Amino acid sequence: MIGRLNHVGIATPSIEKSVAVYRDLLGATRIGERFAIPEQGVWVCFVDLPNAQIELIEPYGDASPIHGFLAKSPAGGQHHVCFEVADIIAARDAMRAKGATILGTGEPRIGAHGVPVIFLHPRDMGGVLIELMAEPVH
Ligand code: CO
């Protein structure tokens with residue numbers, strides 16, 4: 001069911017510092033502008049790689065869900081992995097039928113790419129928070 005790896009989400013206390021790592025140390029050349037998604041409590045910045053993206057995520061506001069992650073891992077770290085699926089509703093229903101836990105209401109919400117996404121609880125996924133996203137137009 002899962003398709004292409006779309007991105008790896010990396011939580012960071014500072015997108016600016018993380019951008020410096022990807023740009024200056026790792027040599028990434030295609031790095032987007034930082035933008036806020038206030039309703040999700042995050043700042044986001046995408047680093048484009050030839051086959052996928054890195055999604056840098058910094059807390060936005062006091063209620064950001066990223067604060068909890070950074071409390072455990074102050075330097076930041078790998079937060080989630082995102083795979084594309086052809087049909088987000090069919091994927092959600094299939095995962096539910098197989099016993100996976102969908103985070104939140106289970107209704108897809110619009111993610112940072114502007115397409116519907118859901119998140120699967122790490123306890124069913126080998127400890128990895130997994131995001132499924134509707135395939136964007138490639
Ligand atoms: Co993501």
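Helices and strands here are DSSP runs, at least four residues long for a helix and at least two for a strand, numbered from the N terminus. Keep that in mind as you look around this predicted model.

**Stop 1: the whole chain**

Show the protein chain as a cartoon and count along: there are three helices and nine strands. Going along the sequence, you meet them in the order β-α-β-β-β-β-α-β-α-β-β-β. Now switch to the C-alpha trace, which spans about 45 × 35 × 25 Å along its principal axes. How does the radius of gyration fit with a compact globule? For 138 residues, such a globule would come in near 14 Å, and this chain has 15 Å, which agrees.

Contacts tell you about the fold too. Taking contacts with a separation of 6 or more, 54% link residues that sit 24 or more positions apart.

**Stop 2: the largest nonpolar core**

Next, select I88, M95, I118, L120, M125, I130 and L132 and show their side chains. Within a core of 20 residues, the largest nonpolar one, these touch the most other members. Colour β6 (77–85), α3 (88–97), β8 (116–120) and β9 (130–134) as well, since each of these elements gives two or more residues to the core.

Zoom in on M125. Which residues does M125 contact, once you skip its neighbours within four places in sequence? You should find M95, A100, L120 and I130 around M125.

There's also a second, separate core, made of nine residues. To find it, select I10, Y22, C45 and V47, which are among its members.

**Stop 3: a loop residue, S64**

Move to the loop between β5 (53–59) and α2 (66–72), and pick out S64. Is S64 buried or exposed? Buried means under 20% relative accessible area, and S64 has 5%, so it counts as buried. Leaving out neighbours within four places in sequence, S64 is in contact with G41, V42 and P59.

**Stop 4: out to the surface**

Turn on the surface. The chain exposes about 7,600 Å², and carbon and sulfur atoms supply 56% of that. As for what's hidden, 42% of the 138 residues count as buried.

For your last selection, take V21, L25 and L26: together they make a nonpolar surface patch of about 320 Å². V21 belongs to helix α1 (residues 15–25). With a relative accessible area of 35%, V21 is partly exposed.

Note on methods:
Residues are numbered from 1 along each chain as its sequence is written. This is a predicted model: local features need pLDDT of at least 70, side-chain atom pairs count only at pLDDT 80 or more; totals for chains, interfaces and linings use all residues. Side-chain values use heavy atoms; hydrogens and water are left out. Patches are made of residues with over 30% relative accessible area and no salt bridge: like charges are joined within 9 Å, nonpolar side chains (Val, Leu, Ile, Met, Phe, Trp, Tyr) within 5 Å. Accessible areas come from the Shrake-Rupley method with a 1.4 Å probe; for residues, only the protein chains shown count as cover. A salt bridge is a side-chain nitrogen of Lys or Arg within 4 Å of a carboxyl oxygen of Asp or Glu. Buried means under 20% relative accessible area, exposed over 50%, partly exposed in between (1.4 Å probe, protein chains only). A nonpolar core is a set of buried Ala, Val, Leu, Ile, Met, Phe, Trp, Tyr and Cys residues joined through side-chain atoms within 4.5 Å. Contact means heavy atoms within 4.5 Å. The radius of gyration is taken over C-alpha atoms; the globule rule is 2.2 Å times the number of residues to the power 0.38.
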